[in-house]
Structure formats: C-alpha cells, structure tokens
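The following exercises treat helix packing and the contact between chains. Each task is followed by a solution in steps.

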Amino acid sequence: MDPIAAELALAETAAAKRRVDGLVRTAMAVPLRLLALAWIVLCPIALLVGRNHLGPAVGIALLAVTAVSWVRYRRVARERGVRAHLWPWLAVAVIALGGGAAASRSGTGHGLAWLNIAGPFVVNALALLALAGFVRSRAIGIAAVTMLAISFIIAGMLSGDVAVAVQLAAYATVLMVASARIAR
Amino acid sequence: MTQHPIHDIDDDVHQRVRLGILASLSGLAKADVKHLKTTLGVTDGNLGRHLQALEEAGLVAQTKTTGNGRPRTWVKITAKGRRALRDEIRALQRLLGDVGALSDQPDPAREPSLDT
C-alpha cells in the first residue's frame with residue numbers, strides 16, 4: 001500500500017473526526033446554558049426553602065433541562081441533519097443529582113457542614129470535568145475547575161443557605177461563560 | 001514474527017469515502033444523507049453506493065423518515081462500524097510507523113563507497 005495514500009486517508013479521517021468533535025461540543029452548549037438558567041432560578045428557592053429541602057427542586061430542574069435539550073436536539077436534527085447524543089449530559093445530570101444528594105445527606109448525617117454545603121457542588125463540578133474530558137472541551141474543563149475553586153472559597157467564607165445560593169449564582173455565571181465559548 | 005499491518009486493513013472500510021462516512025458518524029447519534037453529502041463533497045450516487053456497501057457489512061444502519069412530508073434518510077454508525085473504524089486507524093498508523101522505521105534505516109545503495 002502506498003504510504004502517501006495511507007497518510008492522506010489518516011489525515012482526512014482525523015479532519016472528519018475534528019469536525020464531528022466540534023459539532024458535539026457545540027451541541028453541549030444547549031444543556032449547559034439551560035443548566036445555568038436552572039441554577040439562577042434555584043438561587044432564591046434555596047433561600048426560601050433551605051438547602052436541605054432543595055433536592056426535589058434540583059431534580060425537577062435537571063429533568064426540565066434534559067427535556068428541553070432533547071426537544072432542541074430534535075429541532076437541530078430536523079434543521080441541520082445532524083443529531084448529537086444526549087447521553088453524556090444525562091450522565092452528568094444523574095451524577096449531579098444522585099451524588100449531590102448523597103454528599104449533602106452524609107454531610108448532615110456526619111455533622112460536616114462543609115460537605116453539606118459544598119459537597120453537591122463539588123460532585124456537579126467533577127461530573128462536568130469528566131464531561132470535558134469526554135467531549136475534549138477546554139472551555140468546559142476550565143469552567144469545572146473554576147467551579148471547584150469557587151466551592152472551596154465560598155464554603156470557607158460563608159455558611160448556611162446563603163453559601164448554597166451564592167454557589168448557585170457563581171456556577172450559573174461560569175456555565176453561561178462556558179456555554180457561550182463553546183457555542184462560538 | 002508479527003503479521004504485516006496490511007492484513008489488518010479491512011476492505012469494507014479502506015476507501016476514502018467510506019472512512020469519511022464512518023469518521024463523520026462516529027461521535028453522533030445520527031446524520032442525514034444530505035449532511036454527509038455536503039461534508040464529504042460527493043455525489044448522491046457515489047455516496048449511495050458506499051452507504052450500501054457499509055450497510056451490507058453491518059457497519060452503518062439507515063432509516064427512512066418522513067418529516068413535514070419530506071422523505072429523509074438517516075444514517076448511524078453501528079458498534080461494529082465504530083470498532084472497524086478504530087481498527088482501520090490503528091492499522092494505518094502501524095503501517096505508517098513501519099514505513100517510517102524503514103526510512104530511518106541507512107540505504108546500503110546510497111552509502112558512500114570507499115572503493116577507489
């Protein structure tokens with residue numbers, strides 16, 4: 001086999017893969033932007049109902065993000081003829097909900113205020129970090145690391161429901177920036 | 001003795017357009033034929049022939065839908081197709097690695113002669 005033909009085939013395949021990776025990253029901007037909106041909506045709710053009763057609201061928010069993303073993916077598929085997988089986002093949502101609830105509960109159970117306040121957010125950030133690795137997105141990776149830093153700083157400075165509300169607002173801002181960067 | 005990488009190359013996959021189709025579908029849930037045609041810059045007939053060959057080999061699956069009264073053909077890569085693409089890329093990389101190793105060795109025909 002001609003090595004130049006082999007090299008050309010590899011280069012063309014790599015270019016096609018890069019185009020697809022770009023499409024997948026852009027598609028991921030949809031649930032991330034919606035998640036940012038959900039966290040903004042949850043900010044006042046956290047102050048109203050308290051951080052230990054936020055679970056159902058988070059569940060509904062993640063379900064709404066998933067449903068709207070699914071509809072949006074379908075519409076994009078109709079318009080552009082390309083449909084991305086929704087399961088990477090679903091994995092993030094399931095980990096964020098399940099892991100977050102477990103972290104919050106064990107924080108309360110063991111009397112660890114830090115785990116109760118920052119634990120669910122750290123789980124969310126770690127899930128996004130894994131997503132960044134999967135879709136090879138530097139923007140999502142930077143956002144996830146920023147979120148981790150935010151949680152450590154806020155949990156060290158604030159306490160109670162205010163700490164949770166501030167984290168929600170900060171995470172929403174970071175997610176908005178990240179989704180704008182990957183949608184470009 | 002290890003087998004030459006040429007034996008790892010899959011005849012169903014080893015073709016520019018087929019490799020392009022599999023690579024274009026690899027990270028997606030599905031794509032329509034029109035998208036593939038535009039992305040790869042091929043004609044309907046050419047794309048259709050390659051898609052048929054890939055489908056017969058079980059590497060892609062095609063489904064037809066009618067949305068808004070418009071017929072549309074969707075293509076998605078199968079698990080076998082994903083494996084075949086990965087194996088083909090590895091085989092090509094191995095082949096190029098072997099060629100690179102050969103070209104690093106000094107060519108006796110080109111060695112300067114000490115004969116006077």
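**Exercise 1. The contact between the chains**

How many residues does the contact take from chain A, and how many from chain B?

*Solution.* The model examined here is a predicted one.

Step 1. Chain A gives 23 residues to the contact, and chain B gives 27 residues.

Step 2. The size of an interface is often given as the accessible area lost when the parts come together. For chain A and chain B, the buried area is about 2100 Å², and 69% of it falls on carbon and sulfur atoms.

Step 3. Salt bridges are counted next. Between chain A and chain B there is 1 salt bridge, whereas a search over all chains of the whole structure finds 5 salt bridges.

**Exercise 2. The salt bridge between the chains**

Identify the two side chains that meet in a salt bridge between chain A and chain B, and state where they lie.

*Solution.* Step 1. The side chains are those of Glu12(A) and Arg16(B), with a distance of 2.9 Å from N to O. A salt bridge requires these atoms to be within 4 Å, and the pair satisfies this requirement because its closest N and O atoms are 2.9 Å apart.

Step 2. Arg16(B) belongs to helix H1 of chain B and Glu12(A) to helix H1 of chain A, and the pair thus crosses between chains.

**Exercise 3. Two helices from two chains**

Determine whether H1(A) and H1(B) are roughly parallel or roughly antiparallel.

*Solution.* Step 1. Helix H1 of chain A covers residues 3–49 and helix H1 of chain B covers residues 16–25; their axes are 8 Å apart and the packing angle is about 25°.

Step 2. Angles under 35 degrees count as roughly parallel. H1(A) and H1(B) are therefore roughly parallel to each other.

Step 3. The crossing in which H1(A) passes H1(B) is right-handed. On the side of H1(A), the contact is made by Ala9(A), Glu12(A), Thr13(A), Ala16(A), Lys17(A) and Val20(A). On the side of H1(B), the residues are Arg16(B), Leu19(B), Gly20(B), Ala23(B) and Ser24(B).

Step 4. Sorted by class, this contact of H1(A) with H1(B) comprises 5 nonpolar, 3 polar and 3 charged residues.

**Exercise 4. Helix packing within chain A**

Describe the fold pattern of chain A, and then analyse the helix pairs H1(A) with H2(A) and H3(A) with H4(A).

*Solution.* Step 1. Chain A contains 6 helices and 1 strand, and along the sequence they follow the pattern α-α-β-α-α-α-α. Along the principal axes, the C-alpha atoms of chain A fill a box of roughly 65 × 35 × 25 Å.

Step 2. The axes of H1(A) and H2(A) come within 9 Å and cross at roughly 150°. Angles over 145 degrees count as roughly antiparallel. H1(A) and H2(A) are therefore roughly antiparallel to each other. The crossing of this pair is right-handed.

Step 3. Residues of H1(A) in this contact include Leu34(A), Leu35(A) and Trp39(A), and those of H2(A) include Leu62(A), Val65(A) and Arg72(A). The contact of H1(A) with H2(A) has 17 nonpolar, 1 polar and 1 charged residues by class.

Step 4. Helix H3 (residues 87–109) and helix H4 (residues 113–134) of chain A have axes that come within 7 Å and cross at roughly 160°. This angle makes H3(A) roughly antiparallel to H4(A). The crossing of H3(A) and H4(A) is right-handed.

Step 5. Among the residues that meet are Gly99(A), Gly100(A) and Ala103(A) in H3(A), and Gly119(A), Pro120(A) and Val123(A) in H4(A). By class, the contact of H3(A) with H4(A) has 13 nonpolar, 9 polar and no charged residues.

**Exercise 5. Two valines and their surroundings**

Which residues do Val76(A) and Val33(B) touch, not counting residues up to four places away in sequence?

*Solution.* Step 1. Val76(A) lies in helix H2 (residues 55–80) of chain A. With residues up to four places away in sequence left out, Val76(A) touches Gly81(A) and Val82(A).

Step 2. Val33(B) is found in helix H2 (residues 33–40) of chain B. Under the exclusion of residues up to four places away in sequence, Val33(B) touches Leu47(B), Leu51(B), Thr73(B) and Val75(B).

Key
Residues are numbered from 1 along each chain as its sequence is written. Chains are lettered from A and ligands numbered from 1 in the order in which they are written. This is a predicted model: local features need pLDDT of at least 70, side-chain atom pairs count only at pLDDT 80 or more; totals for chains, interfaces and linings use all residues. Side-chain values use heavy atoms; hydrogens and water are left out. Axes are lines fitted to C-alpha atoms, for helices over the stretch in contact, and angles run from 0 to 180 degrees between N-to-C directions. Helices (H or I, at least four residues) and strands (E, at least two) are DSSP runs, numbered from the N terminus. Angles under 35 degrees count as roughly parallel, over 145 as roughly antiparallel, 65 to 115 as roughly perpendicular and the rest as oblique. A crossing is left-handed if the near helix is turned anticlockwise from the far one by less than a right angle, and right-handed if clockwise. Contact means heavy atoms within 4.5 Å. Ala, Val, Leu, Ile, Met, Phe, Trp, Tyr, Cys and Pro count as nonpolar, Asp, Glu, Lys and Arg as charged, and the others, Gly among them, as polar. Buried area is the accessible area (1.4 Å probe) that two parts lose on being put together, summed over both.
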